[in-house]
Amino acid sequence: MKVIGVGDNVVDQYAHIRTMYPGGNALNFAAYASMLGHEAAYLGIFGNDSAAKHVISVLDELGVRHPHCLYVSGENGCAQLKIEDGERIFLGSNAGGIRKTTSMDFIFHHTDYLREYSLIHSGCYSYMEEQLPALQQLGVPVSYDFSDDFVLEEALPLCQYVDFAFFSCADYSLEQTRDIIQQAHDSGSRIVCATRGSEGAILFDGKQWYQQAPEYVTPVDTMGAGDAFITAFLCHYLAQTNIPDEEAIPASLKQAALFSAKICLKEGAFGYGVRY
């Protein structure tokens, strides 16, 4: 299956060990899909600094295609953080670097290319909100990660353009989470899933509610765990052709939990750290 991540890429700079790792929701999706054995690609904007060069080299090493990316003079996306007891603590970022002032409209110069894929994935850090309506018109399923920074009143109008919507709701009660999921589904998303940290995940497909407990591990680093969950769920679910949702969804949620736990045993989102 061919899938593509469209939007953000960054380096995550770990201040306590002076090491940077490739990351970003859209880029992580492409990397994880490749790790799961799928034909994966990434489409986004790179700067021209050492951070961008490192991310590009890792994509090449993973076999993730990136033929139509835009290259702009300036600073690549970068976030600073530290790890304490396996949990990440963000210290700051450059808000995407050159991405925050460079439109993603260039992707529509490559619509035939995008139509080659079975799924397009993006997220709230990709500056893609304005492009979602046109992206939906391509006829390719769209998934979108609203992460944990969402403002519900701003997220809900976007759900009509998104087939698969994901939210991170670790700070919300079960009742609040179910309400968010229900509203997102009512606003147009076909399948809505929310992860709740150690409480696992909840999903609604308009007919049935599903729950998935986490696979408990002692994490090395939780960076990328949510992206890993999303990627594994989507890739497994879309591969389950001719299987009813009541069977495909629980099986896909289980695979998502297993892969997310596996990623928590790696440094960075998926390794490949270099000193900076």
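1. A good place to start in this predicted model is the meeting of two helices: helix 1 passes helix 7 in a crossing that is right-handed. Helix 1 covers residues 25–35 and helix 7 covers residues 225–239. Their axes come within 9 Å and cross at roughly 50°. Helix 1 and helix 7 are therefore oblique to each other.

2. Which residues of helix 1 and helix 7 make the contact? On the helix 1 side you will find N25, N28, F29, Y32 and A33. Helix 7 brings D227, A228, T231, L234 and C235. By character, the residues of this contact of helix 1 with helix 7 split into six nonpolar, three polar and one charged.

3. Helix 7 also packs with helix 8, which spans residues 245–263. Here the axes lie 7 Å apart, and the angle is about 145°. The crossing of helix 7 and helix 8 is right-handed.

4. For this second contact, helix 7 uses A225, A228, F229, A232, F233, H236 and Y237. The helix 8 residues include D245, A248, I249, A251, S252 and L253; Q255, A256, A257, F259, S260 and I263 of helix 8 take part as well. The residues of the contact of helix 7 with helix 8 comprise 14 nonpolar, four polar and one charged. If you are browsing the model, look at A228 of helix 7, which is listed for the contact with helix 1 and for the contact with helix 8.

5. Stepping back to the whole chain, it is divided into domain 1 (1–123) and domain 2 (141–269). The centres of domain 1 and domain 2, taken over C-alpha atoms, are separated by 20 Å. Domain 1 gives 26 residues to the contact, and domain 2 gives 27 residues.

6. How much area is buried between domain 1 and domain 2? The figure is about 2,200 Å², and carbon and sulfur atoms give 62% of that area.

Definitions and conventions. Residues numbered from 1 in each chain as written. Predicted model: local features only at pLDDT ≥ 70, side-chain atom pairs only at ≥ 80, totals over all residues. Heavy atoms only, no water. Axes fitted to C-alpha atoms, helices over the stretch in contact; angles between N-to-C directions. Helix = DSSP H or I, 4+ residues; strand = E, 2+ residues; numbered from the N terminus. Parallel < 35°, antiparallel > 145°, perpendicular 65-115°, else oblique. Left-handed = near helix turned anticlockwise from the far one by under 90°. Contact = heavy atoms within 4.5 Å. Nonpolar A, V, L, I, M, F, W, Y, C, P; charged D, E, K, R; others polar. Domains from an automatic or database assignment. Buried area = accessible area lost by both parts, 1.4 Å probe.
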